[in-house]
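This report describes the surroundings of a bound ligand. The sequence and the structure are shown first.

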Amino acid sequence: MDTPWAYPDFDAHEVLQFVTDAKSGLRAIIAMHSTHLGPAAGGTRLWHYADDADALTDALRLSRGMSYKNAMAGLPLGGGKAVMLADAKLTKTPEMLAAFGRAVDRLGGNYVTAEDVGMSVADMIAIRRQTKFVAGLPAEGDEVGGDPGPHTSLGVFLGVKAAVRRALGKDSLAGLHLALQGAGSVAGGVARLAAAEGAKLSIADVDQARVEALAAATGAAIVAPADILSLDADVVSPCALGAILSEESIAALSAPIVAGGANNQLATPEDGQRLAARGILYAPDYVINAGGIINVSTEYLGGGDAGLVRERIEAIPARLETIWTESAATDRDPAAVADAMAQKLIGRG
Ligand code: NAD
């Protein structure tokens with residue numbers, strides 16, 4: 001196997017920590033891409049990976065994405081991410097969470113964790129017993145905190161509306177068809193907001209119970225996971241896992257807009273160009289999905305309330321507009337434009 005330095009996604013990561021706790025069975029990777037703007041912040045993902053190389057690639061890609069996301073959201077945070085390598089049953093024990101918390105603590109605040117796929121607020125409470133370098137904890141009263149998911153959903157919803165305004169010239173989602181990949185935390189919030197505005201929804205998830213519950217709550221049609229991206233819709237909103245926009249899936253897209261909350265949607269940078277070449281408006285994922293980290297950072301760093309969080313999330317559409325405008329003016333695709341902006345902000349431009 002290649003050394004981590006040889007991985008295509010290594011991209012000058014500052015720190016990579018491989019965590020093994022024999023007693024609990026925990027295996028994890030903590031990746032810190034950049035601390036240029038502040039402590040490396042990004043959630044922890046619990047996932048069953050095909051092999052260790054897949055896990056490392058995921059950690060590296062997610063961690064770099066957090067550097068870009070935090071920089072583009074104007075947060076005083078660097079970028080990092082952790083992955084816990086789970087078995088096929090996604091086993092997660094209190095002992096594993098405790099061992100993970102101790103590993104985060106050893107980094108002395110240079111890495112700050114929170115929820116990602118497979119991790120809950122309850123898990124953050126368990127990690128908090130071992131370290132104070134964690135957010136996404138329950139909020140009391142007017143405090144900022146809790147599950148970042150609804151904040152991510154709000155940002156994605158506002159970003160979808162901005163894309164619809166730009167590509168279709170419409171101010172509302174009423175009557176438009178939104179195809180959502182995923183029926184989890186982020187997709188659920190987007191679906192509820194879009195349904196409330198009168199959008200027609202189609203959703204797909206590999207978890208049948210989840211997709212049925214969300215369909216019942218929003219009136220959405222259920223679609224097979226294999227068909228959701230190519231649906232004849234106005235907007236395709238990927239809100240599940242990454243690398244789903246590839247040469248093959250882009251060729252099969254029918255919708256004029258791709259705007260969703262999943263991290264690392266493009267399988268390769270060329271896929272950003274492929275979307276642009278097909279005239280499909282793409283909302284760079286780490287820009288549109290920053291609502292969760294905006295809430296997490298306000299919780300962790302203090303100095304703000306729910307009003308400030310909302311204000312910062314409401315700035316996401318303008319950020320997307322800036323990217324799309326520069327993309328149109330320079331003939332570079334929106335993902336490339338966003339990457340260049342983010343790299344400059346983290347001192348690597
Ligand atoms: P989640 O675990 O609540 O939901 C993800 C859903 O995707 C699950 O229901 C899962 O069954 C489904 N899924 C997996 N593979 C699928 C497939 N092939 N087709 C259809 N559905 C599939 O996770 P979430 O918090 O909603 O996060 C979704 C995405 O958004 C992830 O990429 C995550 O990294 C990203 N994201 C989340 C947040 C947040 O605040 N939660 C913030 C930023 C980005």
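## Ligand environment

In this predicted model, the shell around the ligand takes at least three residues from domain 1 (4-67 + 77-128) and at least three from domain 2 (149-289 + 317-345). Two helices, α4 (149-168) and α5 (185-196), each contribute at least two residues to that shell.

The ligand has 23 residues around it, and T152, D205, R210, A240 and N263 are the ones that come nearest. Sorted by class, the shell consists of 8 nonpolar, 9 polar and 6 charged residues.

The table gives polar side-chain atoms and their distances to an oxygen atom of the ligand.

| Residue | Side-chain atom | Ligand atom | Distance |
|---|---|---|---|
| R45 | polar atom of R45 | oxygen | 2.8 Å |
| D116 | polar atom of D116 | oxygen | 3.1 Å |
| T152 | N or O atom of T152 | oxygen | 2.7 Å |

On its own, the ligand has 820 Å² of accessible area, and the protein covers 85% of this. Where does the ligand sit? It occupies the largest pocket.

T152 thus appears twice in this account: the residue is among those that come nearest to the ligand, and an N or O atom in its side chain lies 2.7 Å from a ligand oxygen atom.

Definitions and conventions: Residues are numbered from 1 along each chain as its sequence is written. This is a predicted model: local features need pLDDT of at least 70, side-chain atom pairs count only at pLDDT 80 or more; totals for chains, interfaces and linings use all residues. Side-chain values use heavy atoms; hydrogens and water are left out. A residue is near a molecule or strand if one of its heavy atoms lies within 4 Å of it. A polar contact is a pair of N or O atoms within 3.5 Å; within protein, one must be able to donate a hydrogen and the other to accept it, and residues adjacent in sequence count only if both atoms are side-chain atoms. Accessible areas come from the Shrake-Rupley method with a 1.4 Å probe; for residues, only the protein chains shown count as cover. On a 1 Å grid over the protein atoms alone, a cavity is a set of points where a 1.4 Å probe fits but cannot get out, and a pocket is an open set with protein on both sides within 12 Å along at least five of seven lines; lining residues have an atom within 4 Å of a point. A molecule sits in a cavity or pocket if more than half of its atoms lie within 2 Å of its grid points. Helices (H or I, at least four residues) and strands (E, at least two) are DSSP runs, numbered from the N terminus. Ala, Val, Leu, Ile, Met, Phe, Trp, Tyr, Cys and Pro count as nonpolar, Asp, Glu, Lys and Arg as charged, and the others, Gly among them, as polar. Domain bounds come from an automatic or database domain assignment.
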